[in-house]
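Here's a quick walk through one protein model, written for someone who'd like to look along while reading. Have the structure open and rotate as you go.

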Amino acid sequence: MNKEKITDFLKKITGSKKLVIIGIIGIVLIGLSSFFPSKSEKSGELKTAEISTEEYKADLEKQIKEIAVSISGDKRTKVVITLETSIRREYAGESQNQTGEKSYDKGKEISGTVKEKAITVKKSDGSEEALIVTEYMPQVRGVAIVCNTGESEAVKNAIRDAVTAALGITTKRVYIGGHSG
């Protein structure tokens, strides 16, 4: 019975009326969706991909080992990477110039001081953390790879070329040696 009423109602609606009704239904659905939080909103936390220098280094070593194993076929391959520095982060900040009395130092005018203050954001647990603007990953200083290449220069060169391309370093920074025993 209800099905017949709905069918009759839909038959009476013509072109432009259908568009208006579809538009109203869409608006109602969008409005209803705001009452149900999405999966990312349920956690209530800002997700950051902040990693430590050691995690970064371990991930690089894992990736380089996969490359070397796929070229040499030696699953006993060992990889050690050394880094120039640690991860460096720049934080958002405000600087205030405090102008006051002007003083002169060796003929140069010095006026006031500059104060730096980091911009912080509140987390869901009430704590605050500085807002990171840029994160600089450390540069690779060198790579040592120990694997069974069968003393093949072609395999060594293939590994060296792959590593230098992947890390953007020179060949002088890559050592490849064989297993002892």
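Let's start on the outside. Ile21, Ile24, Ile25, Val28, Leu29, Leu32 and Phe35 together make a nonpolar surface patch of about 680 Å². One of these residues, isoleucine 25, sits in helix H2, which covers residues 15–33. With 46% relative accessibility, isoleucine 25 counts as partly exposed, because that class lies between under 20% (buried) and over 50% (exposed).

Keep in mind that this is a predicted model. Across the protein chain, pLDDT averages 78, and 71% of the residues get to 70 or more. Helix H3 (residues 39–43) is where confidence is lowest, with a mean of 48, while S1 is where it is highest, at 95. Around that helix, residues 40–47 have pLDDT under 50 throughout, and the model gives this stretch three contacts beyond four places in sequence.

Now for the overall layout. The chain has five helices and nine strands. Reading from the N terminus, the order is α-α-α-α-β-β-β-β-β-β-β-β-α-β. Of the contacts with a separation of 6 or more, 65% are between residues 24 or more positions apart. Buried residues make up 18% of the 181 in the chain. The accessible surface is about 14100 Å², and carbon and sulfur atoms hold 55% of it.

Strand S8 is a good place to look at pairing, and here are two of its partnerships:

| Strand pair | Sense | Bridges | A bridge pair |
|---|---|---|---|
| S1 (residues 78–83) and S8 (residues 140–146) | antiparallel | six bridges | leucine 83 and valine 140 |
| S8 and S9 (residues 174–177) | parallel | four bridges | alanine 144 and tyrosine 175 |

So what goes on beside S9? Helix H5 (residues 153–167) carries lysine 156. Is lysine 156 buried or exposed? Lysine 156 is buried, because its relative accessible area is 13% and the cut-off for buried is under 20%. Setting aside neighbours within four places in sequence, lysine 156 is in contact with Thr149, Glu151 and Ile176. The last of those, Ile176, falls within the residue range of S9, 174–177.

Definitions and conventions:
Residues numbered from 1 in each chain as written. Predicted model: local features only at pLDDT ≥ 70, side-chain atom pairs only at ≥ 80, totals over all residues. Heavy atoms only, no water. Pairing = 2+ DSSP bridges. Helix = DSSP H or I, 4+ residues; strand = E, 2+ residues; numbered from the N terminus. Patch = residues over 30% accessible without salt bridge, like charges linked within 9 Å, V, L, I, M, F, W, Y side chains within 5 Å. Areas by Shrake-Rupley, 256 points an atom, 1.4 Å probe, with all protein chains shown as cover. Salt bridge = Lys/Arg side-chain N within 4 Å of Asp/Glu carboxyl O. Buried < 20%, exposed > 50% of the residue type's maximum accessible area, 1.4 Å probe, protein only. Contact = heavy atoms within 4.5 Å. pLDDT = per-residue confidence, 0-100.
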